[in-house]
Amino acid sequence: MTAIEGLQAALNGLGLKAVEARLENLLEQASKKEPSYAEFLQDLLSCEVDARRTRYLRARLQLAHLPFIKTFDQFDFSFQPSIDERQIRELRSLRFIHEASNVILLGPPGVGKTHLSVALAEAAIQSGFGAYFMTAHDLDNDLGRAYREGRLDRRMRVYLAPKVLIIDEMGYLPLDDLGATIFFQLISARYERGSIILTSNKSYGDWGSIFGDPIIATAILDRLLHHSTTINIRGESYRLKDRKKAGLFPQPGEDAGRPAPFPATERFHNGPRRQGSTSPRKTSAPLTAPGRSENPP
Ligand code: ADP
Ligand code: MG
């Protein structure tokens, strides 16, 4: 067995796959540059460390369940002048995560709420924080099912564990009483412990209609907003911009500063539809909700 073969076997045995894959390269470089022993060892090991970090981040990204990967660099801030870039810079420092404070992105469809929340999640993951993305609708379905099956507490841990929880599209569909109560529990449990990034097409004044009950809406907003940053995006849909460019949305006299109409599919999501509801009052296990087992704030 040659020295190289022995080395390869050892690297393989130790699971140092990145070094093994680059061994010839590393040796060739070393014979040219003639680094010190320490430098050579450092080159060798940092190759493995980098590869592991990349693998770890990729796994974290997968776990985060993001709908797509978008970064801040891919966001055209000039298209959305209502966004205060200073605020974005502050958020990018990720101090809000250390402070367990929340970020709420409000605005009509297509203005980049999901893009920005994904970019924040991606930045958080790069800095070693755990993140988890869910639409409000899926969250409601998932926790509602867990409640009916008597495993709400266990399931809730999935949403309490990550340092950053992204709840997308709050308010597109109203929640029933059980959904509102469970949502209140989730917000209360994360309060001052972990950040929530939430997006919604509804302004705070309309939140009563999401929860069907102004008292629970107030209680949720109270905790959500206590430590929070709100980004209110008042602008045109970016999706619409592309379609307009493609000539699919001929608009006589456009650019007159008039907001463009939402495409039909997006308007559809805005409709106040109410799903078939399960009342928590008819179910057995007690849930903590304001006005029920606690005084309203
Ligand atoms: P929202 O969640 O507000 O409905 P999205 O974040 O899903 O909107 O944005 C819709 C699409 O347009 C996404 O592909 C997103 O990356 C893109 N987009 C939105 N705003 C911008 C922007 N200012 N610059 C670049 N891409 C944008
Ligand atoms: Mg969105």
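Reader: What share of the contacts in the chain with a separation of 6 or more comes from residues 24 or more positions apart?

Author: Happy to start there, with a word on the model first. This is a predicted model, in which local features need pLDDT of at least 70, side-chain atom pairs count only at pLDDT 80 or more, and totals for chains, interfaces and linings use all residues. Residues are numbered from 1 along each chain as its sequence is written, while chains are lettered from A and ligands numbered from 1 in the order in which they are written. Taking two residues to be in contact if their C-beta atoms, placed from the backbone, lie within 7 Å, the share from residues 24 or more positions apart is 81%.

Reader: How many helices and strands does the chain have?

Author: Helices (H or I, at least four residues) and strands (E, at least two) are DSSP runs, numbered from the N terminus. On that basis the secondary structure comes to 13 helices and 5 strands.

Reader: What is the order of the strands in the open sheet?

Author: Let's build it up from pairs, where two strands pair if DSSP finds at least two bridges between them. Strand 1 (residues 102-106) is joined to strand 5 (residues 228-232) by 5 bridges, and to strand 4 (residues 195-200) by 4 bridges. Strand 4 also pairs with strand 3 (residues 164-170), over 5 bridges. The pairing is parallel, and the order is 2-3-4-1-5.

Reader: Which strands stand at the edges of this sheet?

Author: An edge strand has a single partner strand, so one side of it is left without a neighbour in the sheet. The strands placed this way are strand 2 (131-135) and strand 5.

Reader: Is strand 1 mostly covered or mostly open, and how many of its residues are buried?

Author: A residue is buried if 20 or more other C-beta atoms lie within 10 Å of its own, exposed if 12 or fewer, and partly exposed in between, with C-beta atoms placed from the backbone. Asn102, Ile104 and Leu106 are buried on one side of strand 1, and Val103 and Leu105 on the other. The strand is mostly covered, and its buried residues number 5 of 5.

Reader: Which element gives the most residues to the shell around ligand 1?

Author: There are 17 residues around ligand 1 (C-beta atom, placed from the backbone, within 6 Å of it). Gly112, Lys113, Thr114, His115 and Tyr238 come nearest. Two elements give two or more residues to this shell, namely helix 12 (238-245) and helix 6 (113-126). The one that gives the most, with 3 residues, is helix 6.

Reader: Which element supplies the largest share of the largest nonpolar core?

Author: Such a core is a set of buried Ala, Val, Leu, Ile, Met, Phe, Trp, Tyr and Cys residues joined through C-beta atoms within 7 Å. This one has 48 residues, and Ala121, Ala131, Ile166, Ile167 and Ile220 touch the most other members. The largest share, 7 residues, comes from helix 6.

Reader: Why does Glu48 count as partly exposed, and how many C-beta neighbours does it have?

Author: Glu48 sits in helix 3 (residues 37-64). Leaving out residues up to four places away in sequence, Glu48 touches Leu16, Ala18 and Val19. Glu48 counts as partly exposed because its C-beta neighbours inside 10 Å number 19.
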